[in-house]
Structure formats: structure tokens, C-alpha cells
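Let's take a friendly walk through a model together. Have a look at it below, and then read on.

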2 protein chains.
Amino acid sequence: MAGEISGKTHATRALIGLRAKILSGELPGGMRLFEVPLAEQLEISRTPVREAMSRLAEEGLLDRVSSGGFVVRTFGMADVIDAIELRGVLEGTAARLAAERGASAEGLGKMRETVANLDACFSDSPGDVDFERYSELNAEFHTILAGLCGSEVVRREVDRVMRLPFASPSAFLPDKADIEAFRRSLNFAQEQHRALLSAIAGREGARAEAIAREHARTARNNLEYVLGEDRSLIERVPSLALVVD
Amino acid sequence: MAGEISGKTHATRALIGLRAKILSGELPGGMRLFEVPLAEQLEISRTPVREAMSRLAEEGLLDRVSSGGFVVRTFGMADVIDAIELRGVLEGTAARLAAERGASAEGLGKMRETVANLDACFSDSPGDVDFERYSELNAEFHTILAGLCGSEVVRREVDRVMRLPFASPSAFLPDKADIEAFRRSLNFAQEQHRALLSAIAGREGARAEAIAREHARTARNNLEYVLGEDRSLIERVPSLALVVD
DNA sequence: TGAACGGAAAAAGTATACATTAACCGGTGT
DNA sequence: ACACCGGTTAATGTATACTTTTTCCGTTCA
């Protein structure tokens with residue numbers, strides 16, 4: 001069949017399908033998810049549906065109801081702001097600890113390489129940016145940062161907050177090539193990437209933390225641009241589909 | 001029967017029982033948990049065992065194995081240090097945001113009341129502290145702090161990192177009444193509680209954040225005292241039972 | 001009127017049989 | 001000796017029947 005969802009087990013397919021429906025807003029915040037109808041709709045039994053919902057609760061997309069069952073978590077604009085703030089704080093901590101404790105040569109090397117590759121996204125001709133590749137490398141940069149201090153606990157929590165769709169570093173990037181304001185913010189963000197690398201390599205913990213926090217603020221600035229200047233853009237930001245406000 | 005574990009459903013009882021065995025170290029880090037033997041041991045079927053393990057994965061005490069199943073998460077001393085650091089960072093953020101955005105009158109009132117009640121734990125006679133009550137009120141203080149800025153996202157993540165047993169604010173408190181060093185640290189900690197409240201009420205965000213971070217450092221100091229000065233104390237700190245190093 | 005009770009319906013909780021997949025192990029070929 | 005292959009075992013994945021709990025609604029009584 002053509003429209004089948006990829007994945008090995010029924011539970012995995014249900015997980016992917018439900019996640020997509022939550023992120024798209026098809027299953028709105030506050031909606032209770034009942035096992036039987038979902039199982040019928042997905043043409044599987046209740047067991048893998050439960051398994052999928054349990055994993056979505058781990059991801060933070062569902063809440064457990066005290067009397068049993070799950071509801072879709074509700075996100076408002078305030079939650080988007082707070083999640084971005086938290087990403088900044090946690091990435092700031094990852095950066096500070098990497099600076100204070102020292103990062104491995106391999107980690108620093110990989111980050112240097114990623115920053116160089118990010119540079120290449122701009123260099124060809126002024127005003128023209130390879131957004132696709134930039135987005136990909138940007139995600140890579142943030143993944144490296146999360147693990148740079150060598151702490152599994154820190155990496156895990158940074159990853160966790162980045163997993164909320166609108167808090168991801170790439171949440172407001174793709175598809176915005178035509179907006180001049182976004183292009184400028186990209187140049188600024190790349191400057192911050194370089195500064196962050198320099199601060200960590202130079203063991204400047206406070207500076208690294210401050211830069212990482214301000215770097216996350218870029219996402220909030222983009223959000224506020226979308227909200228203030230050009231609200232019609234909201235529909236073009238996929239990660240905002242599940243936000244109600 | 002006398003030895004029965006409280007809880008409504010089989011899954012809840014399994015959750016409580018398994019959690020206790022992990023926290024006590026009876027199920028050591030790295031150990032894989034198999035459904036069938038556990039179900040037999042608990043005299044229930046596999047279904048509620050799976051449910052319990054899924055919830056423990058949400059808590060961060062179990063990891064999912066890629067090929068299916070769960071293993072007990074391994075914690076070393078470095079992870080304890082990092083978890084305390086993260087609690088400091090997140091509580092610092094909760095405090096800063098409460099100061100910057102302003103806390104509700106009720107929230108500030110409740111915190112003032114808790115601080116006053118904490119004072120009462122000391123006042124009776126010098127050198128004598130009601131540890132039981134202090135521990136309880138201390139937990140209350142930190143719970144209030146987590147929710148003080150009014151952000152559900154922040155409250156949730158602060159709560160989450162505090163749920164790791166050794167990162168809890170009360171992890172190193174109870175049962176230490178006989179150690180002079182711990183008594184002094186209690187007085188110091190209460191001073192920080194007062195300062196934190198004052199900073200938040202006075203809208204001093206940076207100060208509030210710095211105090212909250214340093215306050216969490218108290219836990220690390222106590223940990224290092226236990227590790228350095230008197231290693232025999234390790235056995236008397238229940239939350240360190242699952243730590244391997 | 002409105003609160004409390006009770007029963008029916010619907011939901012989650014549980015056990016269990018069966019299916020599928022991963023892991024282990026012993027043999028065989030080079 | 002070592003790697004690969006195949007089969008057996010043991011684990012998780014799934015469906016389903018059944019049980020228990022919760023919820024909702026209509027009725028009755030104060």
C-alpha cells in the first residue's frame with residue numbers, strides 16, 4: 001500500500017502516526033485519547049496503542065490523567081516562550097560546563113568543523129543562503145554542544161527540552177528564505193556559533209553561558225517577528241500548529 | 001497480609017515495588033529487567049509490569065533498550081554532581097523568572113510563611129534542630145519556588161530534575177542531626193532561603209538566580225563532606241544506595 | 001429544587017494465548 | 001582458530017477475552 005507509515009512494530013507506527021497528528025494540531029490540546037477508537041482507527045489492538053501513548057507521555061506530548069488514560073498536552077504561546085527560555089538556560093549550562101571542565105579534542109574538533117561547514121552555506125554569493133543545509137548543520141551544532149561537556153545527565157536534559165517541536169533550534173528556520181529579516185538573523189546566529197566555540201575553547205565559562213542563552217533568544221526574536229510583523233507567517237511555521245493561543 | 005504494598009492497581013504496586021528496589025540498589029544499574037520473571041516474582045501478569053516499567057522510564061530510572069525491554073539506569077558520582085548542578089540551574093531559572101516577571105501575592109505569601117515555619121525549627125534552643133520538620137518544610141519551599149513564576153513548563157522541568165533521588169533538596173538532610181558540620185550548613189541554607197525570598201520580592205533577577213544556584217551547591221558540599229571526611233556516612237544516605245562509584 | 005443514590009454504559013486494568021523477533025549456541029567450513 | 005551459518009530458545013510484540021473501575025444519567029427522597 002502507498003500510504004503506509006514506516007516503522008517496524010505496530011507500536012512504533014502508532015507512535016509516529018499519533019505524534020504527527022498531535023504536532024499538526026489534528027489532535028488538539030486537551031483532547032482525551034481513548035484506546036478503543038484509536039485502535040480501530042489505526043486497525044491495531046489496544047496494546048500497541050497504549051505503548052505508543054506511554055512513549056508520547058515520556059516525550060511530553062501527552063499527560064497522564066489521574067483516573068487513567070491520556071490527554072493531549074496544551075501549549076500556549078507562553079509555553080513556547082518558556083520552552084525557548086529553558087533551552088537557552090540548559091544549552092548555556094552545557095556550554096559553561098564544557099568551558100569550565102574542558103571539552104574533548106574530538107568534540108571541539110567536530111564543532112569547529114560544523115562551524116566551518118555552516119560558513120560555507122553563506123559564502124557562495126551574498127544574500128543567498130543554503131537553508132536546507134544550514135538547518136541540518138545548525139541541528140548538528142546544537143547536538144554537539146549538548147554532549148560537549150561529557151555529562152550524560154546534561155546531554156539528556158538538553159536533548160529533552162529541544163525535543164519540544166517549537167523549542168528546537170531549527171524550529172523557525174526552514175522555508176523563510178524570502179524574508180530579509182530572517183536572513184540577517186542567520187548571519188548573526190552564525191556569528192554567535194563562532195563566539196560560542198571561541199568561549200568554550202578559551203575556557204571562558206560565563207561568556208559561553210551568556211552567548212548560548214542569547215543565541216536561543218534568536219528563536220524568540222523570530223517568534224515575535226512572526227507574531228508581530230506578519231501574522232500570516234504563523235501558518236508557515238509547522239512547529240506552531242499545535243499551539244493554541 | 002502484612003507485607004503488602006499499598007496502591008490501587010497492580011501496575012501501581014509494581015511501580016512502587018520496582019522503584020524501591022532500584023533506589024535501594026537491589027536492582028543495580030545496568031541490570032536488564034525481564035518481564036516474565038518480574039511478573040512471576042510479583043505474582044501478576046506481564047501487562048502491569050510493562051506499564052510500571054514504562055512509568056519508571058518516564059521518571060528516568062529505567063532506559064529503554066533499542067531492541068526492546070528496559071535496563072536500570074546507571075548512576076555514578078559524576079551523575080550525582082551533574083544532577084545537583086542541573087537542579088541549581090533550573091531552580092535558579094525559576095527564581096530569576098519569578099523575580100523578573102513578578103510572583104503572585106499568594107505564592108510570595110506562602111513562601112514567606114514557609115520561611116517563617118523553617119525559622120521555628122531552629123528557635124527553641126540553640127544547637128537543637130527539628131530535622132524531621134525542617135526536611136518537610138524545605139521540600140515545601142522548593143516546591144513553591146518551582147511554581148512561583150507561574151510557568152507550567154518551568155515547574156514541570158524543575159520537578160523532573162528534583163525527582164532523581166540524590167538531586168532532591170532533602171537528599172542529604174535527614175538522619176544527620178549528630179554531625180556538627182550538617183547543623184551549620186542548615187543555618188546557612190536557611191539564610192539563603194531568606195535571601196532568595198528577598199531577591200524575588202525585590203525583583204532582583206540576577207541575584208535570585210545566583211542565590212538559588214549557590215543554594216543547590218549546599219547539597220554538593222554535603223556530598224563532598226560525606227565522600228571526603230567520613231566515607232562511612234555513605235551507607236546512611238539512602239539516596240546514594242543506587243550510585244555505583 | 002437539589003442533592004444523593006443506584007444502575008447502566010464505557011473506559012481502563014488485567015490475564016493469557018499466540019506471533020514475531022532477537023539472542024544465544026553449537027557446528028561447520030575455511 | 002575464527003568467522004559464519006542455522007536452529008533453538010527466550011525474550012518482547014500483539015490480540016483478545018474478561019474484570020474492575022469510573023463516569024454519567026435518571027430517579028428518588030429530603
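Which helix gives the largest share of the surface near DNA strand D? Helix 3 of chain A does, with 3 residues.

## About the model

This is a predicted model, in which local features need pLDDT of at least 70 and side-chain atom pairs count only at pLDDT 80 or more, while totals for chains, interfaces and linings use all residues. Residues are numbered from 1 along each chain as its sequence is written, chains are lettered from A and ligands numbered from 1 in the order in which they are written, and side-chain values use heavy atoms, leaving out hydrogens and water.

## Around DNA strand D

A residue is near a strand if one of its heavy atoms lies within 4 Å of it. Of the 18 residues around DNA strand D, the nearest are H10(A), S45(A), T47(A), K8(B) and R46(B). By type, the surface residues split into 6 nonpolar, 6 polar and 6 charged. (Ala, Val, Leu, Ile, Met, Phe, Trp, Tyr, Cys and Pro count as nonpolar, Asp, Glu, Lys and Arg as charged, and the others, Gly among them, as polar.)

On the DNA side, 64% of the strand D atoms within 4 Å of the protein belong to sugar or phosphate, and the rest to bases. In chain B, a side-chain N or O atom of K8(B) is 2.7 Å from a phosphate oxygen of DNA strand D. For E35(B), a backbone N or O atom lies 3.2 Å from a phosphate oxygen of this strand.

## Inside the protein

Now for the interior: the largest nonpolar core has 76 residues. Such a core is a set of buried (under 20% relative accessible area, 1.4 Å probe, protein chains only) Ala, Val, Leu, Ile, Met, Phe, Trp, Tyr and Cys residues joined through side-chain atoms within 4.5 Å. L196(A), I200(A), L196(B) and I200(B) have the most contacts inside this core.

Technical notes:
Buried means under 20% relative accessible area, exposed over 50%, partly exposed in between (1.4 Å probe, protein chains only). A polar contact is a pair of N or O atoms within 3.5 Å; within protein, one must be able to donate a hydrogen and the other to accept it, and residues adjacent in sequence count only if both atoms are side-chain atoms. Helices (H or I, at least four residues) and strands (E, at least two) are DSSP runs, numbered from the N terminus.
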